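Colleague: I would like to go through the side-chain contacts of this model one at a time. Please give the reasoning before each value.

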Amino acid sequence: MPRKMTPKEIRSFLSHGTRTAKVATSGPDGQPHVMPVWFALDGEELVFTTWGDSVKGRNLRRNPRAAIIVDEEVAPYAFVHIRGHVTLSDDLEELLRFATAIGGRYMGADRAEEFGRRNAVPGELLVRPARACDRDSGRRWLLSDGRLAGA
């Protein structure tokens, strides 16, 4: 049986390389909508940006709950599952900070600022799921062996 990841191992897993997160939201009729997103970490929080009028953005404004998977697509096929409420922000300073970090992670340091400025604009949202180990938030890290981290 695989062992449980520690919070430090979870952060390391989420920070490794350029893995994408797959974000599931719920449409107005309850149908699931899943899209890949680039993300960064802010301490123990996974953050990403999305256009406010995208399907994902509209779904999160109406129902601020999401399920997020970040997985390793080669053996041993590990993953971290995050689910619960999200907060949305349109603060341009905060958007610039994280859009730049995300750009640096996925596009390289030489394009980080370009990516940040392109995405930190009115209409864009910063999406922040509840903290990883906050037992009161309803959010848990679900590990590949089915156990909850921090539980």
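Colleague: How many aromatic pairs does the structure hold?

Modeller: The model is a predicted one, and side-chain atom pairs count only at pLDDT 80 or more. Rings pair if their centres lie within 6.5 Å. The number of aromatic pairs in the structure is 2.

Colleague: What is the geometry of the aromatic pair Trp38 and Tyr106, stacked or edge-to-face?

Modeller: A pair of aromatic rings is described by the distance of the centres and the angle of the planes. For Trp38 and Tyr106 the centres are 4.8 Å apart and the planes differ by 5°. Planes under 30 degrees apart count as stacked, so the pair Trp38 and Tyr106 is stacked.

Colleague: How many residues apart are Trp38 and Tyr106?

Modeller: Trp38 sits in the loop between β2 (32-37) and β3, while Tyr106 belongs to helix α3. The pair therefore links distant parts of the chain. The separation of Trp38 and Tyr106 is 68 residues.

Colleague: Is Tyr106 buried or exposed?

Modeller: Its ring partner Trp38 is partly exposed, at a relative accessible area of 31%. Tyr106 has a relative accessibility of 13%. Buried means under 20%, so Tyr106 counts as buried.

Colleague: What class does the pair of Trp38 and Phe115 fall into?

Modeller: The ring centres of Trp38 and Phe115 are 5.4 Å apart, with the planes at 35°. Stacked needs planes under 30 degrees apart and edge-to-face needs over 60. The pair of Trp38 and Phe115 is therefore tilted.

Colleague: Which residues form one aromatic cluster?

Modeller: Trp38, in the loop between β2 and β3, pairs with Phe115 in helix α4, so parts 77 residues apart in sequence are tied together. Phe115 counts as buried, at 11% relative accessibility. The one aromatic cluster is formed by Trp38, Tyr106 and Phe115.

Colleague: How many salt bridges does a search of the whole structure find?

Modeller: A salt bridge needs a side-chain nitrogen of Lys or Arg within 4 Å of a carboxyl oxygen of Asp or Glu. Arg97 and Asp42 meet in one, at 3.3 Å from N to O. The search of the whole structure finds 10.

Colleague: How far apart in sequence are Asp42 and Arg128?

Modeller: The side chains of Asp42 and Arg128 meet in a salt bridge at 2.8 Å, N to O. Asp42 lies in strand β3 and Arg128 in strand β7 (residues 124-129), so the pair ties together parts that are 86 residues apart.

Colleague: Is Arg128 buried or exposed?

Modeller: Asp42 is partly exposed, with a relative accessible area of 22%. Arg128 has 13% relative accessibility. The limit for buried is under 20%, so Arg128 counts as buried.

Colleague: What separates Arg117 and Glu113 along helix α4?

Modeller: Arg117 and Glu113 meet in a salt bridge, 3.7 Å from N to O. Arg117 is exposed at 52% relative accessibility, and Glu113 is exposed at 53%. Because they are 4 residues apart in helix α4 (residues 112-119), the separation is about one helical turn.

Colleague: Over the ring of which residue does the charged end of Arg19 sit?

Modeller: A charge over a ring needs CZ of Arg within 6 Å of the ring centre. The charged end of Arg19 is 4.0 Å from the centre of its ring partner, and that partner is Phe13.

Conventions: Residues are numbered from 1 along each chain as its sequence is written. This is a predicted model: local features need pLDDT of at least 70, side-chain atom pairs count only at pLDDT 80 or more; totals for chains, interfaces and linings use all residues. Side-chain values use heavy atoms; hydrogens and water are left out. Buried means under 20% relative accessible area, exposed over 50%, partly exposed in between (1.4 Å probe, protein chains only). Helices (H or I, at least four residues) and strands (E, at least two) are DSSP runs, numbered from the N terminus. Rings of Phe, Tyr and Trp (its six-membered ring) pair if their centres lie within 6.5 Å; planes under 30 degrees apart count as stacked, over 60 as edge-to-face and the rest as tilted. A charge sits over a ring if NZ of Lys or CZ of Arg is within 6 Å of the ring centre and within 35 degrees of the ring normal.
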